[in-house]
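Work through these exercises with the structure in view. Try each task before reading its solution.

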Amino acid sequence: MDSSLSPTPFDHQNTEPKKTFTTSLIPLRSNHFKEDTYFVSELKPSEAKSLQDLKHKLSTSSLAASSSMWGVPLIGGDDRADVILLKFLRARDFKVGDSLRMLEKCLEWREEFKTEKLTEEDLGFKDLEGRVAYMRGYDKEGHPVCYNAYGVFKEREMYERVFGDEEKLNRFLRWRVQVLERGVKLLHFKPGGVNSIIQDNYPEMVATKIFINVPWYFSVIYSMFSPFLTHRTKSKFVISKEGNAAETLYKPEDIPVQYGGLSRPTDSQNGPPKPASEFSIKGGEKVNIQIEGIEGGATISWDIVVGGWDLEYTAEFVPNAEESYAIVVEKPRRMKALDEAVCNSFTTGEAGKLIISVDNSLSRKKKVAAYHYTVRKYTTAV
């Protein structure tokens with residue numbers, strides 16, 4: 001079976017194609033955690049009473065004068081305070097006494113740890129930024145995404161440099177909290193807004209936790225600790241097998257290429273990430289993506305990724321003129337399961353269209369894919 005996807009031609013100054021089809025990446029679980037709206041009006045009567053009781057107890061506690069988090073005063077009627085207090089209540093099943101003790105310990109810890117000033121502190125881990133723990137992009141529901149990639153510490157030298165003694169370990173802990181604090185600053189703390197990202201001092205901050213490229217034995221380990229997790233906690237977990245990280249709730253343009261997405265470190269130099277078009281390829285099917293309306297002398301750049309690849313990819317430019325021949329931009333090649341997204345560009349000599357082909361005809365498995373492109377016309381200075 002052979003099918004074609006033809007994006008609508010667009011002006012060379014407009015760097016985003018208009019979507020001509022609508023699909024969704026397949027989530028790896030059906031019971032996805034739905035974030036609470038934090039509207040007080042939507043609380044059960046018992047929950048609303050717990051919120052009022054917590055506010056009263058906090059106002060009369062010894063920490064009342066310093067009860068502020070992430071720049072939000074917890075006493076005084078700010079609706080952002082309700083969002084934060086409800087996080088502590090939900091973390092303790094709306095038990096007011098337990099929630100208050102948790103909140104007080106958190107306030108004491110934040111004062112001792114100097115968290116309000118931590119985000120501006122240089123802790124000497126510049127080489128770990130973007131590699132170990134970092135905030136990057138947003139999922140499809142607008143949540144900031146926090147990546148934790150600790151595989152780098154398998155290297156003995158790196159492990160000793162970061163965890164070699166207690167002083168180094170404490171400095172790394174401050175850096176890790178610094179990453180979290182920067183992520184929290186991206187939240188709305190507004191009813192109905194995005195109020196979770198990613199843990200006693202950060203209650204109900206996790207919207208989704210995705211395990212990427214987990215080894216085969218992870219399922220055994222997970223089955224051992226699963227009985228001790230609440231349904232609410234387990235509903236936030238996504239387990240992504242090798243090569244299938246793009247089949248999550250993330251937007252492909254925000255997922256780093258090493259995890260099966262389209263985002264590259266240099267992309268930030270070119271402004272916000274370009275929205276990607278998503279589609280699926282059935283087993284036994286070949287899909288042609290046709291990008292038409294390309295003028296002579298223009299440069300087209302594109303990125304494309306297929307979850308789990310294991311198919312053939314090629315690209316060619318077909319001129320509009322009947323007497324011209326098609327140009328093979330990329331020869332057919334077999335893409336392996338863990339290959340990163342393809343990134344390429346081509347400058348045209350004449351007007352025509354680019355055809356990107358992904359051939360899944362030798363497989364019975366449906367694949368999900370995403371791509372984006374830009375077309376820039378060459379202009380001469382006047």
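**Exercise 1. A pair within one helix**

Task: Find out how lysine 49 and aspartate 53 are placed relative to each other, and whether each is buried, partly exposed or exposed.

Solution.
- Step 1. Locate them. Lysine 49 and aspartate 53 both belong to helix α1, which covers residues 45-59. They are four residues apart, about one turn of the helix.
- Step 2. Check the distance. This is a predicted model, and in it the closest N and O atoms of the two residues are 3.0 Å apart. The limit for a salt bridge is 4 Å, so the pair qualifies.
- Step 3. Check exposure. Lysine 49 has 53% relative accessibility, so it counts as exposed. Aspartate 53 has 28%, so it counts as partly exposed.

**Exercise 2. A pair between two helices**

Task: Which parts of the chain does the pair of arginine 110 and glutamate 181 tie together?

Solution.
- Step 1. Start with the contact. The side chains of arginine 110 and glutamate 181 form a salt bridge, at 2.9 Å from N to O.
- Step 2. Place the partners. Arginine 110 sits in helix α3 (residues 96-113), and glutamate 181 sits in helix α6 (residues 166-184), so the pair ties together parts that are 71 residues apart in sequence.
- Step 3. Check burial. Arginine 110 and glutamate 181 are both buried.

**Exercise 3. One more pair, then the network**

Task: Describe the salt bridge of glutamate 160 and arginine 156. Then say which residues are joined into one network by salt bridges that share partners.

Solution.
- Step 1. The side chains of glutamate 160 and arginine 156 meet at 3.3 Å, N to O.
- Step 2. Both lie in helix α5 (residues 156-163), four residues apart. That is about one turn of the helix.
- Step 3. Glutamate 160 is partly exposed, with a relative accessible area of 33%. Arginine 156 is exposed, at 62% relative accessibility.
- Step 4. Shared partners join Arg110, Glu116 and Glu181 into one network of salt bridges.
- Step 5. The full count in the model is 14 salt bridges.

**Exercise 4. The main nonpolar core**

Task: Which residues of the largest nonpolar core touch the most other members, and which element gives the largest share?

Solution.
- Step 1. The largest nonpolar core has 32 residues. Trp302, Ile304 and Tyr313 touch the most other members.
- Step 2. Several strands give two or more residues to this core, including β8 (277-281), β9 (286-294), β11 (311-319) and β14 (352-359).
- Step 3. The largest share comes from β10, with six residues.
- Step 4. Look at isoleucine 304. Beyond four places in sequence, its contacts include Leu262, Phe279, Trp309, Val342, Ile356 and Tyr371.
- Step 5. A second, separate core has 27 residues. Among them are Ile84, Leu85, Met102 and Leu107.

**Exercise 5. A four-stranded sheet**

Task: What is the strand order of the open sheet of four strands, and which strands are at its edges?

Solution.
- Step 1. The order is β8-β15-β10-β13, and the pairing is antiparallel.
- Step 2. β8 and β13 each pair on one side only, which makes them the edge strands.
- Step 3. From one strand to the next, the twist averages 25 degrees.
- Step 4. Take the β13 edge. β10 and β13 pair over six bridges. Aspartate 303 has cysteine 343, in β13, as its bridge partner.
- Step 5. Take the β8 edge. β8 and β15 pair over five bridges. Serine 277 has tyrosine 371, in β15, as its bridge partner.
- Step 6. Compare with burial. Four of the five residues of β8 are buried, so this strand is largely enclosed by the rest of the structure.

**Exercise 6. A loop serine**

Task: Where is serine 363, and is it buried or exposed?

Solution.
- Step 1. Serine 363 lies in the loop between β14 and β15.
- Step 2. Its relative accessibility is 14%, so it counts as buried.
- Step 3. Beyond four places in sequence, serine 363 touches Gly283 and Gly284.

**Exercise 7. Confidence**

Task: Over which residues does pLDDT stay under 50?

Solution.
- Step 1. The chain averages a pLDDT of 77, and 73% of the residues score at least 70.
- Step 2. Residues 8-32 stay under 50. Residues 242-246 are also below 50.
- Step 3. Where pLDDT is low, the predicted coordinates should not be read in detail.

Terms used: Residues are numbered from 1 along each chain as its sequence is written. This is a predicted model: local features need pLDDT of at least 70, side-chain atom pairs count only at pLDDT 80 or more; totals for chains, interfaces and linings use all residues. Side-chain values use heavy atoms; hydrogens and water are left out. Buried means under 20% relative accessible area, exposed over 50%, partly exposed in between (1.4 Å probe, protein chains only). pLDDT is the predictor's confidence in each residue, from 0 to 100. Contact means heavy atoms within 4.5 Å. A nonpolar core is a set of buried Ala, Val, Leu, Ile, Met, Phe, Trp, Tyr and Cys residues joined through side-chain atoms within 4.5 Å. Two strands pair if DSSP finds at least two bridges between them. Axes are lines fitted to C-alpha atoms, for helices over the stretch in contact, and angles run from 0 to 180 degrees between N-to-C directions.
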